[in-house]
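Me: Got a model up for a quick look. Can we go through the domain contacts, then one residue?

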Amino acid sequence: MRLAAFIRSDAERILHEWEEFVKTLRPGAALPRWLLRAYAAAILQSIADDVERPLPGVAQAMPSRGEASGVPIERVAAVHVDLRIESGFDLAQIIAEYRALRSSILRLWRASDPAGFAHGAEEMSRLTEAIDQAVEHSVSIYEEREARYRDRFLGMLGHDLRNPLNSILLGAVALSEAPDLSDRQRKTVERILGSVRRLDGMVGDILDFARGRLGSPMPIALMPINLGSALREIVEEVQSTNPGFIIDLRVNGELGGHWDPERLKQAVSNLLLNAIQHGSGNRVALTATGDEEAVVLEVHNDGPPIPREMLGTIFDPLVHGRNPDQNRTGLGLGLFIVNEIVSAHRGTIAVTSSAQAGTTFSVRLPRHPS
Ligand SMILES: Nc1ncnc2c1ncn2[C@@H]1O[C@H](COP(=O)(O)OP(=O)(O)OP(=O)(O)O)[C@@H](O)[C@H]1O
Ligand SMILES: [Mg+2]
């Protein structure tokens with residue numbers, strides 16, 4: 001008997017062994033029977049379909065796929081792994097299920113049809129391939145799911161940290177305004193304030209990161225603004241916290257439009273801070289040019305170029321370069337957040353970087369995004 005036909009005719013025995021094996025993975029868990037068998041029959045059906053399919057490059061008439069279920073193995077494997085995760089299975093247990101399934105099928109086939117088994121090399125390699133494919137898909141779905149849980153956790157953590165941080169901040173501001181502080185007390189309060197503000201910034205970054213990863217677009221509040229004055233404000237602020245750096249701001253054309261001023265300030269400030277931290281020299285150029293439909297912002301710095309292999313992923317979260325001269329290590333979230341903000345405004349961002357011309361990030365923002 002061919003392997004596919006055997007799998008179909010003896011499905012019940014195979015499923016029974018599968019079920020018994022899954023029970024041993026979670027002893028004492030008393031999992032309901034439907035759960036033990038969930039998607040197992042569909043997976044088996046897809047495996048039988050795959051075993052029947054000719055190997056690539058083997059031009060040979062194969063029996064028609066009379067009972068083919070039509071559901072590709074990766075689809076069933078994906079829903080199966082989802083349900084397993086919800087029931088507390090880990091990745092090793094999910095992979096063990098497939099390993100046990102393969103050895104059950106082969107053992108039962110051999111016992112019931114030794115002659116077929118002896119001549120079944122090609123079908124066995126199809127079986128191995130089908131199971132490998134299911135495992136591969138299970139692993140990637142598992143990782144995706146786990147990352148989603150992690151991001152949700154980060155989002156909740158960031159959110160819950162906000163309130164206590166705010167009350168520390170308010171308390172420290174109130175203390176710093178007290179008239180009768182000694183010099184030592186004043187310095188301590190200032191240090192507390194500085195640290196809380198840094199923490200608050202980091203929590204904000206974590207929240208933006210988690211939100212972006214969870215797929216929800218960054219919420220923005222569009223309003224009519226003049227970008228020129230928002231840029232001047234942010235330039236002043238960045239210069240005051242980075243004494244010794246000069247930011248050359250140049251504006252050309254009309255800079256009015258509908259944007260979220262706070263988010264744009266955040267984006268421009270991230271780009272300016274990057275230019276200061278990752279560029280060389282003490283000058284950074286910020287240019288804003290308005291044309292009919294959009295405003296283009298460019299942030300330029302000199303210094304060593306961004307490695308070519310990094311350019312493709314530079315806007316992904318947690319991507320950052322190594323700079324041996326700097327102790328400061330960023331989270332690698334700055335450009336990810338800039339990209340989120342620009343996309344929420346239906347804009348685009350690009351970067352060019354070379355040893356001769358330096359590095360320029362340019363952002364194009366349509367005047368009326370909605
Ligand atoms: N203007 C720039 N010039 C040179 N390299 C840059 C510039 N901007 C970014 N990079 C490179 O891109 C990486 C990613 O930047 P990103 O802002 O996302 O993270 P970060 O600055 O390392 O950390 P964070 O912004 O989270 O504090 C940087 O680590 C740096 O290697
Ligand atoms: Mg940065």
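Me: How many residues of domain 1 are in contact with domain 2, and how many on the other side?
Reply: Four of domain 1 touch five of domain 2; contact means heavy atoms within 4.5 Å. This is a predicted model: local features need pLDDT of at least 70, side-chain atom pairs count only at pLDDT 80 or more, and totals for chains, interfaces and linings use all residues. Residues are numbered from 1 along each chain as its sequence is written, and side-chain values use heavy atoms, without hydrogens or water.

Me: Where are the domain bounds?
Reply: Domain 1 is 3–149, domain 2 is 150–213 and domain 3 is 223–366. The bounds come from an automatic or database domain assignment.

Me: What area do domain 1 and domain 2 bury?
Reply: About 410 Å², 36% of it on carbon and sulfur atoms. That is accessible area (1.4 Å probe) lost on putting the two parts together, summed over both.

Me: Which residues in domain 1 lose the most?
Reply: Ala147, Arg148 and Tyr149, together 91% of what that side buries.

Me: How many salt bridges across that interface?
Reply: Zero, taking a side-chain nitrogen of Lys or Arg within 4 Å of a carboxyl oxygen of Asp or Glu.

Me: New topic. Where is Leu335 found?
Reply: In helix α13, residues 334–344. Helices are DSSP runs (H or I, at least four residues), numbered from the N terminus.

Me: Why does Leu335 count as buried?
Reply: Because its relative accessibility is 10%, and buried means under 20% (1.4 Å probe, protein chains only).

Me: What does Leu335 touch?
Reply: Leu271, Asn274, Ile314, Phe315 and Phe361, leaving out residues up to four places away in sequence. The C-alpha atoms of Leu335 and Asn274 are separated by 8.7 Å.

Definitions and conventions. Chains are lettered from A and ligands numbered from 1 in the order in which they are written. Helices (H or I, at least four residues) and strands (E, at least two) are DSSP runs, numbered from the N terminus. Buried means under 20% relative accessible area, exposed over 50%, partly exposed in between (1.4 Å probe, protein chains only).
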